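Here is a short report for a reader meeting this structure for the first time. Take a look at the chain, then read on.

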Amino acid sequence: MTYAVDTSVVLRLLTGEPIEQAESAKQALERQPHAVHISALVVGESYFALRHHYHVPHELAVESLLALLTSDRVAAVGGVREALIAAHTTQHPGVMDRLILADANTEDCELLTFDKRLATLEGARLLR
């Protein structure tokens, strides 16, 4: 069986807190025969939790998530990894907008938006 993880597990892995849960999360990943899946929603929630609850700067939050997503024990769903890489190099459009676009692209959908910056990206179209 392949497993996915939620935001609580990702945050334990990235923050190491609380110690007992962080160790349990790490051991769970190591025991799995397949990489665990992380969705765009979990990445987005984790990004905001790191920024707003743990006061981690944007660059470090994105780098930490990318490090986790490039682990051989983790499989990012859809274009999550690529969205984070792009968000790391520029703050606009932001992490959440890029994750939303990645989900749309995964489903082979064009994303309709009123956000002019987001509409500059391939796969998005500005509504007027």
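## Asp108 and His55: two unusual loop residues

Asp108 lies in the loop between H6 and S3. This is a predicted model. In it, the phi of Asp108 is near 60 degrees, a positive value in a residue other than glycine. Is Asp108 buried or exposed? Asp108 counts as exposed, because its relative accessibility is 73% and the cut-off for exposed is over 50%.

His55 also has a phi near 60 degrees, again a positive value in a residue other than glycine. His55 sits in the loop between H3 and H4. With 63% relative accessibility, His55 counts as exposed. Most residues other than glycine have a negative phi, and most peptide bonds are trans.

## A cis peptide bond

Which residues does a cis peptide bond join? They are Glu17 and Pro18, and omega is about -20 degrees. Pro18 belongs to the loop between H1 and helix H2, which covers residues 19-31.

Before H1 comes a segment that holds Asp6. At 41% relative accessibility, Asp6 counts as partly exposed. Asp6 and Lys26 are 20 residues apart along the chain, and their C-alpha atoms are separated by 14 Å.

## The salt bridge

How many salt bridges does the count give? The count comes to one. Side chains of opposite charge can pair when their charged atoms come close. Here the partners are Arg125 and Glu110, with 3.2 Å from N to O. The pair links distant parts of the chain, 15 residues apart. Arg125 is in strand S4, residues 124-126. Glu110 is in the loop between H6 and S3, the loop that also holds Asp108.

Both partners are partly exposed. Arg125 has a relative accessible area of 42%. For Glu110 the value is 46%.

## Strand S3 and its surroundings

Strand S3 spans residues 111-113 and contains Leu112. Thr113 is found in strand S3 too. Their exposure can be set side by side. Thr113 counts as buried, at 9% relative accessibility. Leu112 is partly exposed, with a relative accessible area of 46%.

What does Thr113 touch, leaving out residues up to four places away in sequence? The list is Leu118, Ala119, Arg125, Leu126 and Leu127. Arg125 is thus a contact of Thr113 and a partner in the salt bridge. Leu112 has a role at the surface: with Phe114 and Leu127, Leu112 makes a nonpolar patch of about 310 Å². Leu127 therefore appears both in that patch and among the contacts of Thr113, whose 9% accessibility makes Thr113 buried.

## Inside the chain: two cores

The largest nonpolar core has 28 residues. Ile38, Val43, Leu69 and Leu84 have the most contacts inside this core. Seen by element, two or more residues come from each of these: helix H1 (7-15), strand S1 (36-38), helix H3 (40-52), helix H4 (58-69), strand S2 (74-76), helix H5 (80-89) and helix H6 (95-106).

Val43 gives a view of the packing. Not counting residues up to four places away in sequence, Val43 touches Ile38, Leu65, Leu69, Val80, Leu84 and Leu99. A second core is separate and has five residues, including Leu101, Ala104, Leu111 and Ala124.

## The whole chain

How are the elements ordered from the N terminus on? They run α-α-β-α-α-β-α-α-β-β. That comes to six helices and four strands. Of the contacts with a separation of 6 or more, 51% are between residues 24 or more positions apart.

The C-alpha atoms fill a box of roughly 50 × 35 × 20 Å along the principal axes. The radius of gyration is 15 Å, which agrees with the value near 14 Å for a compact globule of 128 residues. Of the 128 residues, 35% count as buried. The chain exposes about 7600 Å², and carbon and sulfur atoms supply 54% of that area.

How values were computed:
Residues are numbered from 1 along each chain as its sequence is written. This is a predicted model: local features need pLDDT of at least 70, side-chain atom pairs count only at pLDDT 80 or more; totals for chains, interfaces and linings use all residues. Side-chain values use heavy atoms; hydrogens and water are left out. A nonpolar core is a set of buried Ala, Val, Leu, Ile, Met, Phe, Trp, Tyr and Cys residues joined through side-chain atoms within 4.5 Å. Buried means under 20% relative accessible area, exposed over 50%, partly exposed in between (1.4 Å probe, protein chains only). Contact means heavy atoms within 4.5 Å. Patches are made of residues with over 30% relative accessible area and no salt bridge: like charges are joined within 9 Å, nonpolar side chains (Val, Leu, Ile, Met, Phe, Trp, Tyr) within 5 Å. Accessible areas come from the Shrake-Rupley method with a 1.4 Å probe; for residues, only the protein chains shown count as cover. A salt bridge is a side-chain nitrogen of Lys or Arg within 4 Å of a carboxyl oxygen of Asp or Glu. The radius of gyration is taken over C-alpha atoms; the globule rule is 2.2 Å times the number of residues to the power 0.38.
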